[in-house]
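Visitor: Please take one loop and look at it closely, then work outward to whatever else can be said with confidence. A plain account will do.

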Amino acid sequence: MKPAHISLANLPTKIEKLASSPGGVELYIKRDDQTGSEYAGNKIRKLEFALAEALDTKCDTVITCGGIQSNHCRATAAACIRLGLQCILLLKSDEDLPKDGNYLMDALFGAEVRYVPSEVYKNRLAEHCEEVSKEVAQEGHKAYIIPIGASNAIGSWGYFQAFEEILRQEEKMQIEFDTIAVTVGSGGTYAGLCLANAAHGYKKNVVGIPIANDAEYFQGVVEKIAETFVTMAQDLPPLDPSAIHLIDGFAGRGYALNVPEEMRFIQDFARTEGIILDPVYTGKAMRGLFASLNDGHPLLKNAKKILFIHTGGLYGVFPKRDEFEW
Ligand SMILES: *Cc1c(COP(=O)(O)O)cnc(C)c1O
């Protein structure tokens with residue numbers, strides 16, 4: 001059973017054909033970077049479900065966490081204002097940083113930002129969130145904690161629903177995508193797509209490209225989200241672990257770190273397609289998709305019509321301005 005959700009995003013998002021055709025495929029892009037301006041990106045689809053649960057459970061404060069340039073935190077801050085919720089953002093940083101990109105927007109929204117030292121963020125983030133939640137309770141309020149990227153079972157419903165949106169668009173457009181490709185950052189987007197694919201009979205190849213960590217790590221993450229998801233939903237088939245298709249090799253230097261080739265790819269893509277990818281997520285993943293198609297990656301050997309989901313991240317280009325070469 002689908003849980004309750006609130007409508008926040010601009011949906012359905014457009015599907016457009018790209019000029020590029022790496023490896024000779026037809027490549028399409030779904031513009032989830034256009035789910036809104038303040039809301040832009042994939043996180044708002046997850047927040048439609050997570051924040052509905054926050055309201056249903058009578059919470060008045062939301063606590064969530066992320067990197068300093070977290071798209072998820074920025075979208076959460078914006079949505080909280082619309083819904084009359086207080087927002088506390090726990091952002092990973094060991095130093096005071098200039099307000100730029102998403103962090104500038106967090107500040108504009110008046111979210112309460114607290115820096116979390118990287119040691120705490122790495123080793124005991126969940127406990128830290130609980131401590132902040134207790135503090136909120138002592139002040140007479142009730143907090144709802146959203147984990148990194150809203151990548152839990154409730155958040156993944158956002159992309160279960162997006163998959164069904166794609167099925168409706170296919171019918172309208174008289175087209176059938178054999179492959180859906182998406183960036184994997186914390187795993188919830190990919191998990192939601194896989195679960196919907198399972199519910200609809202595994203008719204598509206759903207491919208994820210991790211931009212931090214590796215395929216083995218995310219295999220575990222996705223299986224775990226799927227298990228909880230299926231238990232909660234009660235009326236869905238379990239996810240076959242062999243349907244989890246992750247392509248390794250494009251995480252580069254790690255989360256939010258880039259090499260010049262990635263920045264160059266983003267520039268080339270912008271000049272070919274008129275679309276901006278972001279350095280942290282979609283730039284790495286699209287580069288990985290191009291390379292995998294050109295090299296005949298086994299997970300893409302039957303791919304002819306591919307839909308890449310542009311999950312957003314535009315504001316992340318601004319703090320990276322000095323990494324582009326002109
Ligand atoms: C968070 C994010 C992703 C990754 O989504 P997950 O569900 O965390 O795997 C991809 N692209 C952008 C722009 C994001 O902000």
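Guide: Start with Ser93, which sits in the loop between β4 and α3. The model is a predicted one. Is Ser93 buried or exposed? Ser93 counts as buried because its relative accessibility is 9%, and the cut-off for buried is under 20%. A polar atom of the Ser93 side chain lies 2.7 Å from the backbone oxygen of Glu95. Once neighbours within four places in sequence are set aside, Ser93 is in contact with Ile68, Tyr115, Val116 and Pro117.

The loop that holds Ser93 leads to α3. Helix α3 covers residues 101–108, and its buried residues are Gly101, Asn102, Tyr103, Met105 and Asp106. The cover over these buried residues includes α2 (71–83), β4 (86–92) and β5 (112–116). β4 therefore has two roles in this account: it borders the loop of Ser93, and it is part of what covers α3. Just after α3, Gly110 has a positive phi of about 70 degrees.

One of the elements covering α3 is α2, and Ile81 is found in that helix. Ile81 is partly exposed, because its relative accessibility is 47%, which falls between the limits of 20% and 50%. Ile81 and Phe109 are 28 residues apart in sequence, yet their C-alpha atoms are 7.6 Å apart in space.

The cysteines can be dealt with briefly. The structure holds 0 disulfides. For Cys73, the nearest cysteine sulfur belongs to Cys65 and is 6.5 Å away, whereas a disulfide needs sulfur atoms within 2.5 Å. Cys73 has a relative accessible area of 0% and so is buried. Cys194 is also buried, at 2% relative accessibility.

Next comes the ligand. It is surrounded by 16 residues, and the closest are Lys43, Lys46, Ser186, Thr189 and Thr311. Three atom pairs can be given with distances. An N or O atom in the side chain of Lys46 is 2.6 Å from an oxygen atom of the ligand. Gly185 takes part through its backbone, with an N or O atom 2.8 Å from a ligand oxygen. Thr311 has a polar side-chain atom 2.6 Å from a nitrogen atom of the ligand. Taken on its own, the ligand has 380 Å² of accessible area, and the protein covers 98% of that area. Elements that give two or more residues to the shell are α1 (43–56), β7 (179–184) and α7 (188–199). Sorted by class, the shell has 12 polar, 2 charged and 2 nonpolar residues.

Thr311 also links the ligand shell to Thr282. Thr282 belongs to helix α10, residues 282–294. At 0% relative accessibility, Thr282 is buried. Its side chain makes a polar contact of 2.4 Å with the side chain of Asp278. Not counting residues up to four places away in sequence, Thr282 touches Thr183, Leu277, Phe308, His310, Thr311 and Gly312. Thr311 is thus a partner of Thr282, and Thr311 is also among the residues closest to the ligand.

A few backbone features remain. Where is the cis peptide bond at Pro12? It runs from Leu11 to Pro12, with omega near -5 degrees. Pro12 lies in the segment before β1 (15–17).

Two residues that are not glycines have a positive phi. Gln174 has a phi of about 55 degrees and is found in the loop between α6 (153–173) and β7. That loop leads to β7, one of the elements that contribute to the shell around the ligand. Gln174 is exposed, because its relative accessible area is 70%, and exposed means over 50%. The other residue, Gln234, has a positive phi of about 70 degrees. Gln234 lies in the loop between α8 (215–233) and β9 (245–246). Its relative accessibility is 72%, so Gln234 counts as exposed.

To return to the starting point, Ser93 is a buried loop residue, with its side chain directed to a polar partner in the backbone of Glu95.

Key:
Residues are numbered from 1 along each chain as its sequence is written. This is a predicted model: local features need pLDDT of at least 70, side-chain atom pairs count only at pLDDT 80 or more; totals for chains, interfaces and linings use all residues. Side-chain values use heavy atoms; hydrogens and water are left out. A residue is near a molecule or strand if one of its heavy atoms lies within 4 Å of it. A polar contact is a pair of N or O atoms within 3.5 Å; within protein, one must be able to donate a hydrogen and the other to accept it, and residues adjacent in sequence count only if both atoms are side-chain atoms. Accessible areas come from the Shrake-Rupley method with a 1.4 Å probe; for residues, only the protein chains shown count as cover. Helices (H or I, at least four residues) and strands (E, at least two) are DSSP runs, numbered from the N terminus. Ala, Val, Leu, Ile, Met, Phe, Trp, Tyr, Cys and Pro count as nonpolar, Asp, Glu, Lys and Arg as charged, and the others, Gly among them, as polar. Buried means under 20% relative accessible area, exposed over 50%, partly exposed in between (1.4 Å probe, protein chains only). Contact means heavy atoms within 4.5 Å.
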